[in-house]
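Here is a walk through one protein model, from an enclosed space to the aromatic rings and then to a single loop residue. Please keep the sequence and the 3D view at hand.

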Amino acid sequence: MNRVLKIFIYLFSGLLVLITAGIAYLMLAMPRAQSAPEITLDHSEEQILRGKYLAWNVMQCVDCHSIRDFGQYSGPPRPGTELAGGERFDQTMGLPGVYISPNITPAGIGDWTDGELFRLITTGVKRDGEPIFPLMPYYNYGQMDEEDIKAVIAYLRTVEPIQTNHPKSVSDFPMNLIIRTLPKPAAFNPKPPRSDKIAYGKYMAIATGCGECHTNFEKGRVTGEFLAGGRVFGFPDGSVVRSPNITPHETGLKSWSEAQFVRKFKSFADSTYKPAVVAPDEFQTVMPWMMYAGLEDKDLEAIYAYIMTVPPVDHQVDRFTTAR
């Protein structure tokens with residue numbers, strides 16, 4: 001064996017050892033999870049009602065943890081699946097794996113402590129210490145007021161249990177390793193008063209996850225400018241919808257008034273509104289309009305005020321492409 005070949009073998013062997021050691025470290029030592037906290041819920045009517053509002057209309061727990069009917073416009077939850085999970089999020093949405101929303105009714109989380117749920121929602125670490133992919137924007141929720149997170153947990157304890165048997169989520173390589181480095185401690189912030197309209201609007205925009213859909217995102221990483229749209233969402237028929245630009249630019253919401261912004265949401269709250277049936281290749285959206293329609297007017301006005309302060313981005317989005 002010549003000397004060059006020996007050097008190559010030694011280098012390759014050393015590299016293999018380093019890679020193996022790195023993977024072992026990620027699997028055994030990460031994530032660096034803090035212990036689940038001891039928290040106290042008062043389970044008052046006020047706390048539960050606040051939690052219901054957050055879960056249904058703000059944080060969109062119901063949107064992700066239900067099976068949506070995309071045969072109807074905006075994909076409302078199928079009756080009987082609310083909070084029971086089962087929705088699939090996969091590579092057609094630019095995600096690095098297949099993620100199935102879990103059951104968060106008492107049938108799915110009944111053996112979790114309040115502290116374990118609190119840690120999961122705000123840091124992305126499950127009760128067994130394993131991480132979740134930040135499809136649930138735990139970075140956002142970790143910036144919220146602790147009392148709002150507690151309210152959601154209090155509400156979830158009150159819903160009807162639904163038995164399910166969903167498959168587990170699976171990340172593609174290398175996200176199955178990278179995911180272990182993502183959880184980080186929460187950095188809670190008190191909820192600003194409504195009188196501080198822009199600060200309160202920013203808080204609500206974080207809670208509602210505006211940036212999650214309206215910022216381009218591919219294969220586990222942000223690739224676009226904040227709120228400039230363009231994120232791709234695929235439908236089973238092969239058609240594609242892209243999130244619109246909602247920055248205060250001509251290609252976004254610059255021409256929108258506060259009243260127009262609020263009216264757009266509230267049009268889906270009208271008691272006469274029924275979601276239209278959507279045929280294959282017809283325009284469809286993943287925006288859960290009927291749930292966001294339940295946002296209070298003052299909250300929508302504050303979100304609008306905040307959005308008008310973000311840097312405008314020139315980005316014209318081709319909203320919908322059919323499979324043909």
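A cavity, on a 1 Å grid over the protein atoms alone, is a set of points where a 1.4 Å probe fits but cannot get out, and its lining residues have an atom within 4 Å of a point. Grid points are joined across faces, edges and corners, and a volume is the space filled by probe spheres set on the points. The largest cavity has a volume of about 40 Å³, and the structure holds 1 cavity of 30 Å³ or more.

The model is a predicted one, in which local features need pLDDT of at least 70 and side-chain atom pairs count only at pLDDT 80 or more, while totals for chains, interfaces and linings use all residues. Residues are numbered from 1 along each chain as its sequence is written, and side-chain values use heavy atoms, with hydrogens and water left out.

The lining of the largest cavity consists of Arg68, Tyr73, Ser74, Gly75, Pro76, Pro77, Pro288, Trp289, Met290 and Met291. Sorted by class, these are 7 nonpolar, 2 polar and 1 charged residues. Here Ala, Val, Leu, Ile, Met, Phe, Trp, Tyr, Cys and Pro count as nonpolar, Asp, Glu, Lys and Arg as charged, and the others, Gly among them, as polar.

Next come the aromatic rings. Rings of Phe, Tyr and Trp (its six-membered ring) pair if their centres lie within 6.5 Å; planes under 30 degrees apart count as stacked, over 60 as edge-to-face and the rest as tilted. This rule gives 12 aromatic pairs. In one of them, phenylalanine 265 and tyrosine 292 meet edge-to-face, with 6.5 Å centre to centre and 80° between the planes. The two partners are 27 residues apart, phenylalanine 265 in helix α11 (residues 258-266) and tyrosine 292 in helix α12 (residues 289-292). Helices (H or I, at least four residues) and strands (E, at least two) are DSSP runs, numbered from the N terminus.

Are these two residues buried or exposed? Buried means under 20% relative accessible area, exposed over 50%, and partly exposed in between (1.4 Å probe, protein chains only). Phenylalanine 265 is buried because its relative accessible area is 9%, and tyrosine 292 is buried at 9% as well. Ring pairs also link Tyr73, Phe261, Phe265, Phe268, Tyr273, Trp289, Tyr292 and Tyr304 into a cluster.

Last is isoleucine 67, in the loop between α3 (61-64) and β1 (88-89). Its relative accessibility is 25%, so isoleucine 67 counts as partly exposed. Leaving aside residues up to four places away in sequence, isoleucine 67 touches Pro76, Pro77, Arg78, Thr81, Gly85, Gly86 and Glu87, where contact means heavy atoms within 4.5 Å.

Definitions and conventions
1 Å grid on protein atoms, 1.4 Å probe; cavity = no way out; pocket = protein on both sides within 12 Å on 5 of 7 lines; lining within 4 Å.
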